[in-house]
Amino acid sequence: MIHMEFALEARQLKKQYQDKLALKGLNLQIEPGEIFCLLGQNGAGKSTTINLFLGFITPTSGAAYINGLEVATNQLKVKEYLAYIPENVMLYPNLTGLENLALFSSLAGFDYSPESLMQYLIEAGLPSEAATRKVGAYSKGMRQKVGIAIAVAKRAKVLLLDEPTSGLDPKASNEFSDLLLKLSSQGTAIFMATHDIFRAKEVGTRVGIMHEGELVDVLSTADLNANELENLYLNYMHA
Amino acid sequence: MVKSIAQKEFISTLRDRRFVVLSMLVLLLLLAATVVGLYSSHTLQQERQVAQEEVNHQFHNSADRHPHRMAHYGSFAFRPKSSLSFLDFGLDSFTGASVFMEAHKQNSANFSQAQQSSSLIRFGEMTVAFVLQMLLPLLIIFLCFGAFTQEKETGTLKILLSQGVSPRQIAWAKIAGYSKTVALVVTPALLLAGGLLFGQNGLDLQPDMLWRLLLFMAFYLVYFFIFIVLSVVVSALHQRSSTSLVTLLGIWILCCVIIPKASANLGNTLYTTPTKAQMDADVHEEVAKGIDGHNSQDARAEALKKDLLRKYGVDSVSQLPVNVDGIIMAVGEEQSTKVYREHFEKLTGTFQKQNRISELAAFLNPYLAVRHLSMGMASSDFPHYLHFQNKAEEYRYHLAQGLNHIQATRLKYHDKTTRLSSDTWKEFKPFTYETPPVHWALRHHLLSLTALVLWLCLVCTVGMRLVHKTQIV
Amino acid sequence: MKKFWILIKYEWLNFRADKGLLILVTLTLLAGLYGIYYGTTEVQRQQQNIAGLEKLTEHNVEELKAKYPEGTDAGDIGYYHSTFAVHHPDSWASLALGQRDVNPYYIKLRLLNLQSQLYDTENINPQKVLAGNFDLSFVLVYLFPLLIIGLCFNILSIEKEQGTLPLLLSQPISLPLIVGAKLTFRMLVVLGLGLLLSILAMIWGKVLPDGRVALWLGVVMLYCFFWFAVAFLVAALQKNSAFNAVTLLGVWLLLTIVIPALLNVYVSIKQPIPQALALTIQQREVVHGGWDKPKRETMDKFFALYPQWRDTTEIKERFVWRWYYAFHHLGDVAVQDLATQYKQTLLARHELVQKLNVLSVPVNVQGIFNAMAGSDLPSYVQFLQSATRYHDSLREFYYPFLFRQITFTPADFAREPRHSFSSAPDVDSAVNGFVKLLGSVVVVFGAGLLLFRWKTASVK
């Protein structure tokens with residue numbers, strides 16, 4: 001079945017680990033240009049959801065779709081449509097930031113010139129003199145910026161983010177938010193797992209609250225302010 | 001505090017299933033090596049003892065013969081396996097088992113195990129020493145590589161240090177814990193080895209043998225201790241367990257595989273061994289300049305005859321109260337033996353120079369130090385082999401000269417037909433070989449002993465200083 | 001396919017930047033060069049020594065010519081004159097010295113009884129032969145697996161441990177492609193090194209360029225494939241780097257040291273060689289007993305073997321050479337069965353090893369190398385047989401002089417037969433070993449593939 005209208009879709013998505021039901025039948029649709037922020041405590045099932053969309057784990061039942069393609073059966077194909085920034089971007093320590101970016105972009109099928117690669121790194125906020133140093137000496141924030149550049153350079157239809165701003169200073173976080181808004185205006189669908197309620201409110205079109213493997217609520221950010229969102233969130237957590 | 005860290009290491013190791021499985025395997029190999037070693041060395045010893053008894057019997061009950069014929073009939077020396085050599089075959093498989101001892105001629109020791117094997121034997125032999133020298137260090141590495149790195153990775157090192165313990169104290173505590181674990185693996189095998197040795201020899205176990213066994217064990221314990229400390233130090237110098245492990249495995253490969261072979265080969269390249277053919281020819285040449293035992297026409301033999309005639313105041317050799325044939329033969333034997341021994345000493349000198357390279361390499365590599373000491377205690381090293389060869393040569397010389405003396409005193413000049421009865425041969429004691437005492441063996445391995453002690457001091461001082469400087473964050 | 005090459009390119013960048021790996025490869029290269037140097041100098045030394053033997057023979061002949069300018073009884077010559085049976089190394093021996101350092105490569109022979117001369121050993125330093133030969137075959141059989149282990153133990157685990165795998169797998173490439181590219185890159189490095197060293201050794205050692213060139217290179221490649229397959233199998237278990245390193249080293253230890261040592265114990269128990277000591281003792285009894293037996297009896301026995309000399313004159317003297325050499329030969333005849341059994345048992349031992357070498361690929365490969373270089377036990381046994389035939393021809397050369405009582409003149413030395421034996425490669429058993437090796441590679445690689453497919457990859 002093809003669902004061209006959704007960039008991301010989950011249908012009755014379930015994941016059972018040996019001793020724990022991590023995801024209890026998730027249903028979710030995200031349209032192109034939408035920024036969906038998923039809030040939840042550690043172990044709520046956020047990372048499981050992202051890993052299911054990435055195809056790193058296979059669902060126990062149900063299915064995840066990217067750009068209308070079922071992830072589990074189109075492992076390679078879906079990766080052409082998505083980009084991913086993990087919570088802690090880890091790169092090849094013996095290569096420079098530029099070389100790392102070049103490697104990942106070329107694997108994604110892009111053949112950028114060194115100048116345009118450099119441009120992506122600078123846009124992500126990495127100082128140009130750092131780009132030609134080995135990644136082994138980078139701080140977490142610098143690696144995160146290379147991760148952002150890798151994702152942006154992929155020009156993907158779907159962006160999967162797992163706590164992408166952890167390790168970034170407030171200024172870089174703000175710049176990252178601006179970048180997300182710009183990408184969404186270009187039609188990229190963004191799925192972001194985060195702890196940061198205020199940023200979720202700021203950039204998100206919709207906010208989902210996940211608790212013990214269940215998506216307990218989905219709210220439109222236009223309808224409420226940050227404080228209301230926080231209270232709502234805390235209520236769910238204590239319920 | 002320190003005691004509780006040691007106890008923690010000991011207990012958590014015993015709870016590590018992988019380690020328990022590995023150490024059971026090593027222990028099993030150790031026990032198998034003990035039994036197999038004892039069996040094969042017992043078989044070889046039986047074989048050689050039977051052969052020795054047979055040739056002794058043949059000599060004493062030999063037919064009536066002319067003494068010089070008996071000197072060529074000669075005898076054999078079969079090298080007995082020493083009681084401890086089942087622990088470490090050492091060179092035994094590569095040295096000849098039998099020497100034919102006859103007049104005028106020094107024969108090589110023939111029929112080594114290695115010559116009777118395909119190249120399989122070059123892969124090494126399953127002995128207790130092999131397990132102790134090569135496998136136990138690996139077990140130790142596996143046990144200790146995470147000593148510090150694991151604490152760093154889990155962040156517990158910071159907590160430990162914040163409790164007021166120094167890195168040095170942590171290191172010693174861990175070393176104590178690991179030593180206890182290693183002792184647990186090694187002790188059963190060493191006890192079995194000791195027990196088997198007692199069982200084999202009954203109550204008349206000589207104190208010398210006991211000393212050798214005790215020193216053998218002591219050297220290995222020191223060796224293990226060096227490896228434990230070394231592994232802990234290396235672990236302290238690394239931030240990640242995997243790099244610490246790889247470094248230690250690299251050290252193991254270098255110490256136990258590459259350096260031993262390379263140093264022995266280097267020695268061989270640096271000092272050329274003369275061929276036996278060349279050596280024999282040189283001996284022949286030098287002897288020919290002296291008196292030739294078989295050639296009475298030789299001018300010097302004539303001179304000797306004249307001397308004798310003058311001395312006894314007679315006109316012809318047949319009037320001499322002694323048989324000049326025997327005397328010429330005895331002088332010839334003396335001469336040729338002297339020349340041969342000079343050359344043999346030069347040859348063994350070359351071998352010792354070649355081996356010296358390996359002994360010096362022990363300062364780079366504790367494995368070589370313990371290997372030499374282990375062979376020394378098991379009397380399967382080069383000095384012991386040489387000792388046997390020299391004893392066999394000594395016996396050969398006395399046998400030949402004894403028979404020459406009989407010819408000189410009991411036979412007439414130019415008498416080539418008289419045969420003496422086998423009672424005469426019973427006057428000769430059969431060849432017996434006694435392993436030299438333990439202090440003799442130790443004297444030959446002072447260099448290796450120094451290297452081992454130096455290693456012990458080095459890891460305990462310099463190593464611990466390095467531990468103290470471990471990078472915590 | 002393009003992505004495959006991108007991965008290879010970045011493997012190269014990673015490799016170039018990793019000092020540890022560079023040191024590892026350089027060390028192996030140096031060890032290989034030393035191995036080649038050692039092998040060639042060792043073979044050269046043996047060849048020089050063999051050439052030196054000719055001078056010794058000449059010297060001996062000159063000495064005898066001077067001693068007996070008018071000629072003499074051939075018996076004197078037989079007693080005082082010695083020649084050598086020589087075992088020339090095959091041109092390939094410098095690549096795999098095998099047992100050439102343990103087994104004598106020449107035998108000094110006189111006309112006396114053979115069995116007391118045949119087993120004399122050369123001056124060898126037992127401590128050196130215990131350590132073994134650092135030749136190219138050692139580097140290939142022992143050290144190359146270690147290089148492969150060093151390069152591959154963390155092939156997949158490092159991507160997890162340094163956290164790059166999630167980002168890598170979020171690209172449109174599959175895990176098999178990643179592992180395949182990484183393995184291919186390492187194979188290129190290792191095979192390049194192995195083939196380079198082998199070809200260098202062939203040129204340096206001036207080997208005979210026959211079919212063995214291809215066979216050798218094929219074995220080197222397959223052997224490396226085998227260890228890559230082992231590394232792949234262990235990587236497919238998807239454990240951490242430390243586990244992989246210990247497991248791989250454990251496999252190495254098992255295959256190159258523990259199993260061969262156990263096989264050696266088994267072989268020596270299964271196929272004991274009691275003949276050697278019995279042979280020496282018995283041979284002495286018979287030869288020396290010869291002095292005491294009636295000459296008639298001795299000669300009749302001898303004539304039964306050599307009827308052509310039967311009509312020679314009856315011996316009345318106390319001592320004549322032809323009688324002396326006759327009972328010496330009868331000493332050999334008396335232990336002929338034992339000597340044959342001895343050689344057969346040696347070969348049976350070798351055959352047993354050939355059968356058991358499926359249990360350890362390194363033993364098989366070392367066997368192939370030694371068979372190709374003609375440096376293993378069978379070559380030595382062939383040499384013993386050749387030396388025996390030479391001794392026979394020497395006897396046949398001297399018998400007419402002895403039995404017809406012709407004076408042996410200095411000119412006759414030139415007609416004395418000389419011996420030369422070059423070990424021949426055992427290509428059949430090498431090819432046989434090659435097939436076994438191929439089987440091992442297929443089995444291990446197949447197991448690795450199955451395991452890799454069966455175990456779903458976890459990203460963390």
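Two residues count as in contact when their C-beta atoms, placed from the backbone, lie within 7 Å. Keep that in mind for the stop at chains B and C. One more thing before you start clicking: this is a predicted model.

**Stop 1: chain A, whole**

Select chain A and colour by secondary structure. You'll be looking at nine helices and ten strands. The radius of gyration is 18 Å, close to the 18 Å that the globule rule gives for 239 residues, so chain A is as compact as a globular protein of that length. Turn the chain along its principal axes and the C-alpha atoms fill a box of roughly 50 × 40 × 35 Å. Of the 239 residues, 48% are buried. Now take the contacts between residues at least 6 apart in sequence: 68% of those in chain A join residues at least 24 apart.

**Stop 2: strand S9 of chain A and its partners**

Next, select residues 206-211 of chain A, which is strand S9, together with residues 35-40, which is strand S3. These two run parallel, paired over five bridges. For a landmark, show A:Cys37: its bridge partner in S9(A) is A:Val207.

Now add residues 214-220, strand S10 of chain A. Here the pairing with S9(A) is antiparallel, over six bridges. A:Gly208 makes a handy marker, standing opposite A:Val218 in S10(A). What links S9(A) and S10(A)? The two strands form a hairpin with two residues between them, and A:Glu212 in the turn has a positive phi of about 50°.

**Stop 3: where chain C touches chain B**

Hide chain A and bring up chains B and C. The contact draws on 67 residues from chain C and 68 residues from chain B. On the chain C side, the elements giving two or more residues include helix H2 (19-67), strand S3 (106-109), helix H10 (241-270) and helix H14 (336-356). Pick out H10(C) in its own colour: its 15 residues are the largest share of this side. Recolour the chain C side by residue type and you get 36 nonpolar, 21 polar and ten charged residues.

**Stop 4: C:Gln46**

Stay in chain C and zoom in on C:Gln46, which sits in helix H2. Is C:Gln46 buried or exposed? With 23 other C-beta atoms within 10 Å, C:Gln46 is buried, since the cut-off for that is 20 or more. Show C:Pro89, C:Arg100 and C:Tyr105 as sticks: leaving aside residues up to four places away in sequence, these are what C:Gln46 touches. Finish with a distance label from C:Gln46 to C:Arg100: their C-alpha atoms are separated by 9.3 Å, though the two residues are 54 apart along the chain.

Technical notes. Residues are numbered from 1 along each chain as its sequence is written. Chains are lettered from A and ligands numbered from 1 in the order in which they are written. This is a predicted model: local features need pLDDT of at least 70, side-chain atom pairs count only at pLDDT 80 or more; totals for chains, interfaces and linings use all residues. Two strands pair if DSSP finds at least two bridges between them. Helices (H or I, at least four residues) and strands (E, at least two) are DSSP runs, numbered from the N terminus. The radius of gyration is taken over C-alpha atoms; the globule rule is 2.2 Å times the number of residues to the power 0.38. A residue is buried if 20 or more other C-beta atoms lie within 10 Å of its own, exposed if 12 or fewer, and partly exposed in between; C-beta atoms are placed from the backbone. Ala, Val, Leu, Ile, Met, Phe, Trp, Tyr, Cys and Pro count as nonpolar, Asp, Glu, Lys and Arg as charged, and the others, Gly among them, as polar.
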